[in-house]
Amino acid sequence: MTVRGDKADVRPGLPCTELSGFEPQLTAEERALQQAVHAFAAEVLRPAGRALDRMTAEEVIAPDSPFWEVHLVAAKSGLGDGPEAGDDVPPALLARMAAVAVEELGWGDAGLAVSLGVGGFPALMARRAGTPELADLCAGRLGCWIGTQPDRGSDGLSLYPQERHPSAPHGNKGNLTARVRGGDIVINGQSSAWVSNGPVAQVGLASIAADYGAGFYDEEGHPRGIEVIVPLDLPGVSRGKPLEKLGKRALPQGEIFFDDVKVPLRHALSTEDAYWRGHAATWSSAGVAMGQLMTGLARAAFETALAYTHERRQGGALLAEHQLVQYRLGRMGSQVEAMRAVSRRATEYTALSPARHPYYTAQSKSLCTDLAFQVADEAVQLMGGNGLTREYPAEKLFRDARAARIEDGENHLLTMKFGHLASLLHQDGRLGAARQRGDGRGDH
Ligand SMILES: Cc1cc2nc3c(=O)[nH]c(=O)nc-3n(C[C@H](O)[C@H](O)[C@H](O)COP(=O)(O)OP(=O)(O)OC[C@H]3O[C@@H](n4cnc5c(N)ncnc54)[C@H](O)[C@@H]3O)c2cc1C
């Protein structure tokens, strides 16, 4: 307590904060990682993201596009990958460091952050599946995840047969399928136009329906599946045009076609009954990352609005000096803090729980992306007419946030799936009852 004259000054000083808000304390390692990824996000991702946003989808993937420079710098620095298991870091610390790093990437540019993340996804999932030879096959090749198809969007995310609409005779196998015969997997059909990195990826992790000789459906009418690593320079692979879209324009997306594409069975990461856990693991990882990177996007929108309210004067004062504006900033800031807390909890749970589950990470993804959209929308609103113009970054953040509410599972459906999981957990009248059962299709 300081004393001025005869009056005690009991006002508290400003609290201790980091780039990522009200951290109790980042370790020296975490802070060093945060600052390194932040510099990459500020100096490479953000300017490239703004430039790519104004290009056509064809220009984004042209040989002279800044898109390639981003991947080159990320590959050289290794920052796009973040820390990984096996780096001799305890799992809890690893989870926190990943959350800290991915938030910075999302702060830089959410579309490019997805491109970097999914670019290394086949290699990451091959490592996690304990198949180092497949991880080596993917190393140094730009990756993608092939999950959705023209006729199988939300339907591809159902883990339980009872989630099927009651009037459907069986599940939906979609338009891209595998036949497993002898030692080979033969793939036919096409992906949706939404495959991130689809127009340029060199290797894909495909999560698709499979026939092992007894048809595509199991006795409950649910499609059997396979997760398989597919080099995308094989005969029979072709691509559609890159997609023009509202947000995340720096992220190239497009269809991939497969005409009798043959890969050896050893390219499978999961088959038959093990498929469900493999598919769940893939989906959990993606859901966790979305919460982290959208926290970064929301923080960027908050900071943009905050800066503007300290420049713009209306009503005889800076916007930031008006109580109503302070209330609105307070709400945005608390939404960002809530996103960080929720996404870190999902990160830790997924890294440390003995039986993680993608319907839990689904709620983190849907909550964080809905909140990011609200924060970006309020950033536009706080900046008045300027918020709508391309001169300021808010409108791009708003468009990028909009895309994320559909990406990686549409938010209503994801929330419904969390509700389905909650109802399964409550079957015995209490949440803890399933702990002993451990019988779900979770990702153990
Ligand atoms: C930016 C972005 C990146 C993406 N990246 C990838 C990627 O890398 N790889 C990939 O494979 N896919 C990717 N996707 C695709 C994404 O996963 C799908 O768009 C998403 O799962 C929704 O599927 P859909 O678009 O077919 O919508 P649909 O499933 O057709 O849904 C349309 C609407 O119908 C509602 N609906 C659907 N089913 C039901 C139901 N049973 N009951 C009630 N309502 C229902 C939904 O809530 C939604 O509002 C990406 C999408 C975006 C936008």
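R340 counts as buried, because its relative accessibility is 5%, where buried means under 20% relative accessible area, exposed over 50% and partly exposed in between, computed with a 1.4 Å probe and protein chains only. This is a predicted model, in which local features need pLDDT of at least 70 and side-chain atom pairs count only at pLDDT 80 or more, while totals for chains, interfaces and linings use all residues. Residues are numbered from 1 along each chain as its sequence is written, and side-chain values use heavy atoms, with hydrogens and water left out.

The side chain of R340 meets that of E337 in a salt bridge of 3.1 Å, N to O, a salt bridge being a side-chain nitrogen of Lys or Arg within 4 Å of a carboxyl oxygen of Asp or Glu. Both residues belong to helix 9 (residues 323–352), where they sit three residues apart, about one turn of the helix; helices (H or I, at least four residues) and strands (E, at least two) are DSSP runs, numbered from the N terminus. An α-helix has 3.6 residues a turn, so residues three or four places apart point the same way. In contrast to buried R340, E337 counts as partly exposed because its relative accessibility is 27%. The two residues also belong to a network of salt bridges that links E103, E104, R299, E303, E337 and R340.

By this rule the count of salt bridges comes to 21. Three of the pairs are set out below.

| Pair | Closest N to O distance |
|---|---|
| R340 and E337 | 3.1 Å |
| K248 and E407 | 2.6 Å |
| K262 and D184 | 4.0 Å |

K262 forms its salt bridge with D184 at 4.0 Å between the closest N and O atoms. Because K262 lies in strand 9 (residues 256–264) and D184 in strand 5 (residues 184–190), the pair ties together parts that are 78 residues apart in sequence. K262 counts as exposed, at 52% relative accessibility, whereas D184 counts as partly exposed, at 27%.

The salt bridge between K248 and E407 has its closest N and O atoms 2.6 Å apart. This pair links distant parts of the chain, 159 residues apart, with K248 in the loop between strand 8 (237–239) and strand 9, and E407 in the loop between helix 11 (394–404) and helix 12 (411–425). K248 is buried, at 2% relative accessibility, and E407 is buried as well, with a relative accessible area of 16%.

The backbone of K248 also deserves a note, since K248 has a positive phi of about 50 degrees although it is not a glycine. E272, another residue other than glycine, has a positive phi near 45 degrees and is found in the loop between strand 10 (268–270) and helix 8. E272 counts as partly exposed, at 45% relative accessibility.

Turning to helix 5 (residues 110–119), nine of its 10 residues are buried, so this helix is largely enclosed by the rest of the structure. The buried residues are A110, G111, L112, A113, V114, S115, L116, V118 and G119, and what covers them includes helix 1 (28–53), helix 3 (66–77), helix 4 (91–108), helix 6 (121–128), strand 3 (143–146) and helix 8 (274–309). At the N-terminal end of helix 5, D109 acts as a cap, with a side-chain oxygen 3.1 Å from the backbone nitrogen of G111, which is a polar contact (a pair of N or O atoms within 3.5 Å; within protein, one must be able to donate a hydrogen and the other to accept it, and residues adjacent in sequence count only if both atoms are side-chain atoms).

L176 lies in strand 4 (residues 176–181) and counts as buried, at 0% relative accessibility. Leaving aside its neighbours within four places in sequence, L176 is in contact (heavy atoms within 4.5 Å) with residues including I146, Q149, I187, I208 and F258.

Of the 17 residues around the ligand, W145, T148, S154, Q253 and E410 come nearest, a residue being near when one of its heavy atoms lies within 4 Å. A polar backbone atom of W145 is 2.8 Å from a nitrogen atom of the ligand, a backbone N or O atom of T148 lies 2.7 Å from a ligand oxygen atom, and a side-chain N or O atom of E410 is 2.5 Å from an oxygen atom of the ligand. Taken alone the ligand exposes 980 Å², of which the protein buries 67%, the areas coming from the Shrake-Rupley method with a 1.4 Å probe and, for residues, only the protein chains shown counting as cover.
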